[in-house]
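Reader: Hi, I'm new to this one and could use a walk-through. Can you put it up first?
Author: Sure, here it is.
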Amino acid sequence: MTLSSWYAGNETTIITFGITFLLAMSMQVTMRVGVLSLAGLGFYAVGSYATGIVVLRDIIPAPVAILASIVVCGLLSLAFGLALHRVRGLYLAMVTLGFVLILGVIAANGGTLTGGANGMYGVPITISAPEVVLASLVVIAAACLWERGRAGRATNALRTDQLLSTSVGIDARRMRNISFLLSGAIGGLAGSLNVLSFGAVSPSDAGFAMLTTMITVVIVGGQRSWAGVLLGAILISWLPTWLVWFEGATREIILGLLIVVLGMFAPDGLLGVFSWLFGRLRGIRRRSVPPPVAEPPPARQLEESSRVR
Amino acid sequence: MSVDQVPVQAPAETAVPVLRVDDLAVHYGGIKAVDGVSFEVAPGELVGLIGPNGSGKSTLLAAVSRLTTLTRGALWLDGGRYESVQPCGPARLGIGRTFQTVRVLEEQTVRQNIQLGADLGARKAAPTTSSPLRLFGGLRRKGGSDTVDEVLERTGLQDVASVLVDELPYGLRRRVEIARALATRPRLLLLDEPLAGMTSEERADVAALVRQLHGEGLAQILVEHDVDFIVKTCPRLIALDQGKVIAEGAPADVVADDRVRTAYLGVDDDDAA
């Protein structure tokens, strides 16, 4: 099988993969700083519908609509994050879930503007696989910057321990705002690409299936890095074609089992598994006993002292 | 020449205090955790903070490092007011701190933990102008690695630099935490019960580090339950009870003070019993 014939057979899957990757990234950028927000899906829906509406009515050309979607969704998300600056943890997750569901209801009841429950059809298709891949690469590049160097260390620390981070001068509020901004911008981008590559959008784009897909990609792939999200998106996009000989429901069950198993044994997802294997191959530094500095206390006292904690 | 190695300045009265706390209060609902506390810390001074459980010592440290909301009061660092800064502000201005329960990133190496502090220290040493690129952390991968090496050496952690903190005994974790705070190049270091939960060897170890830093001229506030240690280590003590300063001065005098003995050492209780 040559590359071009593979491409021809997989073009739609590549588009789905790219959009899924971007959608999951919109969730991962907030998770990276320890914020559990599902709002990225909401901005995905906003981006999809808004782009669909303006392009279908020929108000602005598609490329401008994409840029506008990125900027507007980013700013809306920032405002959303600012409005919810006191809401944390699962409460924030619930509020953002509510936001997504409300958008779904609005889309389903938007009359001729949104196409109601049937959704919007006939949007001119101007986006194909290369553009989606390009957009994914741009987001990966941005994520690389966000995850490396000082910003990377700061976001890592923030996810683990906010008090610790604050004590070394990391501005938790600013990081959270930036992550909301990025989340909305990436969500909006994913939405625009979605409607412009499939020509249609429906309320199910803000529904539970999309929500499940987004969370699954992040959990299965690994929430710590864009590379995990990439792995998750590849898996979720091509798994159905690898499981062709199973019935539809069986596929769902296999996927569900995969999530359960990875969630139980690999909290850092596939990426965690891979980096663990890689570490084992390199015989990495996790030593069982650290070299003595002064006079290390005997082992039993060590155990006691750590138990005091 | 590093910024934090301030030479010990001679007469404390003539110098601008590193820290000045004026009428500081932190009330949680009806509980007055800190209630009108005022004191100063001179450059290079090591001040011990004592008091019974719940007397407001940790809350006072949290207030000075602005990790808690103030009910009232004013704070100066090196003569500059700072009580209205954001939670991350004091660290940026030069207040380093450790926590009662050791807070370290356990899944990272000692070096990576200290690097987190050095990121701030490096920025202080070379403040960059505000630009969009700062959003991505200046793009430099290892800013302040000199600081990390220096701090590793000062705290005697060179040999475990590449060990995961997860693998270290509690005493060394505390040292990592202190090292991280030092890497931020603080003007003032706040240590909240650095000896708590340690074996005697570990205690001696950390105590020696505190004294060493004092010798290097770093201003410190030390909260500690180990009266013996604090009396031997700190030239000046402040005693708190129910959120108020009940005694202040030379260790021997403070420990001998009747109110301190009543509140903290429980002498009256013992007599009664």
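Reader: What radius of gyration does chain A have, and what would a compact globule have with 309 residues?
Author: Keep in mind that this is a predicted model. Chain A has a radius of gyration of 22 Å, and a compact globule with 309 residues would be near 19 Å, which agrees. Along the principal axes, the C-alpha atoms of chain A fill a box of roughly 75 × 50 × 30 Å.

Reader: And how many helices and strands are in chain A?
Author: There are 14 helices and zero strands in chain A. Read from the N terminus, the elements of chain A go α-α-α-α-α-α-α-α-α-α-α-α-α-α.

Reader: How much of chain A counts as buried?
Author: That's 49% of its 309 residues. The accessible surface of chain A is about 14,900 Å², and 69% of that belongs to carbon and sulfur atoms.

Reader: What about contacts in chain A, what share joins residues at least 24 apart?
Author: Taking contacts between residues at least 6 apart in sequence, 81% join residues at least 24 apart.

Reader: OK, let's zoom in. Where does Thr51(A) lie?
Author: Thr51(A) is in helix α2 of chain A, which covers residues 39–56.

Reader: Buried or exposed, that Thr51(A)?
Author: Buried: Thr51(A) has 2% relative accessibility, and the cut-off for buried is under 20%.

Reader: Which residues does Thr51(A) touch, leaving out those up to four places away in sequence?
Author: Val46(A), Ala65(A), Ser69(A), Ser192(A), Val195(A) and Leu196(A). With Ser192(A) there's also a polar contact between the side chains, at 2.7 Å.

Reader: Ser69(A) came up there. Which helix is Ser69(A) in?
Author: Ser69(A) sits in α3 of chain A, residues 62–83. Ser69(A) is buried too, with a relative accessible area of 5%.

Reader: What does the side chain of Ser69(A) reach?
Author: The backbone oxygen of Gly188(A), at 2.9 Å. Gly188(A) is also one of the residues that Ser69(A) touches, outside those up to four places away in sequence; others on that list include Gly47(A), Thr51(A) and Ser192(A).

Reader: And how far apart in space are Ser69(A) and Ser48(A)?
Author: 8.6 Å from C-alpha to C-alpha, with their positions 21 residues apart in sequence.

Reader: Changing topic: where does Asn109(A) lie?
Author: In the loop between α4 (89–108) and α5 (111–114) of chain A. Asn109(A) is exposed, at 60% relative accessible area. The C-alpha atoms of Asn109(A) and Gly119(A) are 9.8 Å from each other, and these two are ten residues apart along the chain.

Reader: Now chain B. How many residues does helix α6 of chain B have?
Author: Helix α6 of chain B has 16 residues, 200–215. From first C-alpha to last, α6(B) reaches 22 Å, close to the 22 Å expected at 1.5 Å a residue.

Reader: Which residues of α6(B) are buried?
Author: Glu202(B), Val206(B), Ala207(B), Leu209(B), Val210(B) and Leu213(B). Looking down the axis of α6(B), these buried residues fall within an arc of 155 degrees, so they line one face of the helix.

Reader: Which ones are exposed on the other side of α6(B)?
Author: Ser200(B) and Gly215(B).

Reader: Last one: what follows α6(B)?
Author: Gly217(B) follows α6(B), and the phi of Gly217(B) is positive, near 90 degrees.

Technical notes
Residues are numbered from 1 along each chain as its sequence is written. Chains are lettered from A and ligands numbered from 1 in the order in which they are written. This is a predicted model: local features need pLDDT of at least 70, side-chain atom pairs count only at pLDDT 80 or more; totals for chains, interfaces and linings use all residues. Side-chain values use heavy atoms; hydrogens and water are left out. Helices (H or I, at least four residues) and strands (E, at least two) are DSSP runs, numbered from the N terminus. The expected span of a helix is 1.5 Å times one less than its number of residues. Buried means under 20% relative accessible area, exposed over 50%, partly exposed in between (1.4 Å probe, protein chains only). The arc is that of the directions from the helix axis to the C-beta atoms. The radius of gyration is taken over C-alpha atoms; the globule rule is 2.2 Å times the number of residues to the power 0.38. Contact means heavy atoms within 4.5 Å. Accessible areas come from the Shrake-Rupley method with a 1.4 Å probe; for residues, only the protein chains shown count as cover. A polar contact is a pair of N or O atoms within 3.5 Å; within protein, one must be able to donate a hydrogen and the other to accept it, and residues adjacent in sequence count only if both atoms are side-chain atoms.
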